[in-house]
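This report describes a single protein chain, beginning with its main pocket and then turning to the sheet, the salt bridges and selected loop residues. The sequence and the model are shown first.

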Amino acid sequence: MKKVFSTSALILMFFLFVSALPAQAQDKVRVIVKAIYASNSFDGFEGDLKKVEDDIRFHFNYRGYRTISQQEMAIDFGKQGGLELPDNRLIVLTPRGVVEKKIEMNLLVVEKDKKLLDTTFRLANKGTIYIGGPRYKDGMLLIAVTNTL
């Protein structure tokens, strides 16, 4: 007896196959980049940062946290994605490849022509990394990168 699959079943199987591929088998890395102002001049976690309060407090010791910039990006491997910040600063992300089933990315924070931060990290699917960045106002700039795959 010959089995016949419906068009919708074939489409569903295709999407399940594609979503199960390793990150590099897909053409883009999808991330949310968030710039967070951390300071002792105000109290609490503003907006959606309340959801991740425990994660941030585990790594950083400020009284207040506020998102100052956020952007979703789809970045090709080897290409750059950027997020503009106040004070003529820019976050530049470059996905490099997949190592041990994690996306390896380079993160650069620049102010005009000066590098303020240059680091490489690995990020698991659905994972978030918090990176302490340069000084900002009376506190510091934190950078959160979340892999949305």
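What volume does the largest pocket have? In this predicted model, the volume of the largest pocket is about 210 Å³.

## The largest pocket

The lining of this pocket consists of Ile32, Lys34, Asp48, Leu49, Lys51, Val52, Asp55, Gln70, Thr128, Tyr130, Ala144 and Thr146. Two or more lining residues come from each of strand S1 (28–39), strand S8 (128–136) and strand S9 (139–147). Sorted by class, the lining of the largest pocket comprises five nonpolar, three polar and four charged residues.

## Overall architecture

The protein contains two helices and nine strands. Along the sequence these elements follow the pattern α-β-β-α-β-β-β-β-β-β-β. Of the 149 residues in the protein, 39% are buried. Among contacts with a separation of 6 or more, 45% are between residues 24 or more positions apart.

## The five-stranded sheet

An open sheet is formed by five strands in the order S2-S3-S1-S9-S8, with mixed pairing. Strand S2 (44–45) and S8 occupy the edges and have a single partner strand each, so one side of each is left without a neighbour in the sheet. Within this arrangement, S1 pairs with strand S3 (residues 64–76) in the antiparallel sense, and the pairing extends over twelve bridges. One position illustrates the register: Val33 has Gln71 in S3 as its bridge partner.

## Salt bridges

How many salt bridges does a search of the whole structure find? The search finds nine salt bridges. Side chains of opposite charge can pair when their charged atoms come close. Three of the pairs are set out below.

| Pair | Closest N to O separation |
|---|---|
| Arg63 and Asp43 | 2.7 Å |
| Arg57 and Glu53 | 3.4 Å |
| Arg89 and Glu111 | 4.0 Å |

The side chains of Arg63 and Asp43 meet in a salt bridge. Arg63 belongs to the loop between helix H2 (53–59) and S3, and Asp43 to the loop between S1 and S2, so the pair ties together parts that are 20 residues apart in sequence. Arg63 counts as partly exposed, at 42% relative accessibility, whereas Asp43 counts as exposed, at 57%.

The pair of Arg57 and Glu53 is placed within one element: both residues lie in helix H2, four residues apart, about one turn of the helix. Arg57 is partly exposed, with a relative accessible area of 39%. Glu53 is also partly exposed, its relative accessible area being 29%.

In the third pair, Arg89 forms a salt bridge with Glu111. Arg89 is located in strand S5 (residues 89–99) and Glu111 in strand S6 (residues 102–111), so the pair ties together parts that are 22 residues apart in sequence. Is Arg89 buried or exposed? Arg89 has a relative accessible area of 12%, which places this residue in the buried class. Its partner Glu111 is partly exposed, with a relative accessible area of 25%. Elsewhere, salt bridges that share partners join Glu100, Glu104 and Arg122 into one network.

## Selected loop residues

Which residues is Asn125 in contact with, leaving aside its neighbours within four places in sequence? With those neighbours set aside, Asn125 is in contact with Asn147 and Leu149. Asn125 itself lies in the loop between strand S7 (114–123) and S8, and this residue is partly exposed, with a relative accessible area of 45%. The C-alpha atoms of Asn125 and Lys102 are 7.0 Å apart in space, while the two residues are 23 residues apart in sequence.

Two further loop residues carry a positive phi without being glycine. For Asp87, phi is near 65°, a positive value in a residue other than glycine. Asp87 is part of the loop between strand S4 (81–85) and S5, and counts as partly exposed at 45% relative accessibility. Lys112, likewise not a glycine, has a positive phi of about 55°. Lys112 is found in the loop between S6 and S7, and at 65% relative accessibility Lys112 counts as exposed.

Technical notes:
Residues are numbered from 1 along each chain as its sequence is written. This is a predicted model: local features need pLDDT of at least 70, side-chain atom pairs count only at pLDDT 80 or more; totals for chains, interfaces and linings use all residues. Side-chain values use heavy atoms; hydrogens and water are left out. On a 1 Å grid over the protein atoms alone, a cavity is a set of points where a 1.4 Å probe fits but cannot get out, and a pocket is an open set with protein on both sides within 12 Å along at least five of seven lines; lining residues have an atom within 4 Å of a point. Grid points are joined across faces, edges and corners, and a volume is the space filled by probe spheres set on the points. Ala, Val, Leu, Ile, Met, Phe, Trp, Tyr, Cys and Pro count as nonpolar, Asp, Glu, Lys and Arg as charged, and the others, Gly among them, as polar. Two strands pair if DSSP finds at least two bridges between them. Buried means under 20% relative accessible area, exposed over 50%, partly exposed in between (1.4 Å probe, protein chains only). Contact means heavy atoms within 4.5 Å.
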